[in-house]
Amino acid sequence: MIERLETNQRMSKIVKHKGVVYLCGQVGSGDTVTDQTTDCLSRIDALLKQAGTSKENILQATIWLANAEDFSEMNSVWDAWVPLGGAPARACGECKPTANHLKVEILITAAYGE
């Protein structure tokens, strides 16, 4: 069974299937990469909680930066957020955002208990 949460015509914020949670891409608000990453990770925490899991169960993360030069700044926030010993498989690349003010977007896949 596939469970979709917070669904509209275009997308679901959360999709659960066979012990795996898929989150839609998350962005954050703020003027800096630090601000946006912090807010984005807070939103991810809330969605994971809603899905019945947490950041300790993240399997994979894909991170897009509007500017690759922001890699270190984003990582300083990411590294403080990721549980010690619980780093997921991760990819990070540069990608033109859909809105000019966006600096970072993160896509998460996590496990949950059925």
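The paragraphs below lead through a predicted model, beginning with its strands and ending with one of its helices.

A convenient place to begin is strand S5, which covers residues 58-65 and pairs with strand S6, residues 89-94, in the parallel sense over 6 bridges. Between S5 and S6 the chain passes through helix H2, residues 71-81, and the β-α-β crossover made in this way is right-handed. Individual residues show how the two strands are matched: isoleucine 63 stands opposite cysteine 92 in S6, and tryptophan 64 has glycine 93 of S6 as its bridge partner.

Strand S5 also pairs with S7, and here the two strands run antiparallel, joined by 7 bridges. Within this pairing, leucine 65 has valine 104 of S7 as its bridge partner. Strand S7 itself covers residues 104-111, and threonine 109 lies in it. Because its relative accessible area is 16%, and buried means under 20%, threonine 109 counts as buried. When residues up to four places away in sequence are not counted, threonine 109 touches Ile58, Leu59 and Gln60, and also Val20, Val21 and Tyr22.

Another residue that can be followed in the same manner is serine 12, which has its place in strand S2, residues 12-17. With a relative accessibility of 12%, serine 12 is counted as buried too. Its side chain is joined to the side chain of threonine 7 by a polar contact of 2.6 Å. Once its neighbours within four places in sequence are left aside, serine 12 is in contact with Thr7 and also with Arg4, Leu5, Glu6 and Cys24.

The last element to consider is helix H1, which runs over residues 33-50. At 1.5 Å a residue, the 18 residues of H1 should span 26 Å, and because its end C-alpha atoms are 25 Å apart, the expected and the computed values agree. The buried residues of this helix are Val33, Gln36, Thr37, Cys40, Leu41, Ile44, Leu47 and Leu48. They cover an arc of only 130 degrees around the axis, and therefore they lie on the same side of H1. The spacing behind such a pattern follows from the geometry of the helix: an α-helix has 3.6 residues a turn, so residues three or four places apart point the same way. After H1 comes glycine 52, whose phi is positive, near 90 degrees.

Terms used
Residues numbered from 1 in each chain as written. Predicted model: local features only at pLDDT ≥ 70, side-chain atom pairs only at ≥ 80, totals over all residues. Heavy atoms only, no water. Pairing = 2+ DSSP bridges. Helix = DSSP H or I, 4+ residues; strand = E, 2+ residues; numbered from the N terminus. Right-handed = clockwise from strand over helix to strand, strands pointing away. Expected span 1.5 Å × (residues − 1). Buried < 20%, exposed > 50% of the residue type's maximum accessible area, 1.4 Å probe, protein only. Arc of directions from axis to C-beta. Polar contact = N/O pair within 3.5 Å; in protein donor to acceptor, adjacent residues only side chain to side chain. Contact = heavy atoms within 4.5 Å.
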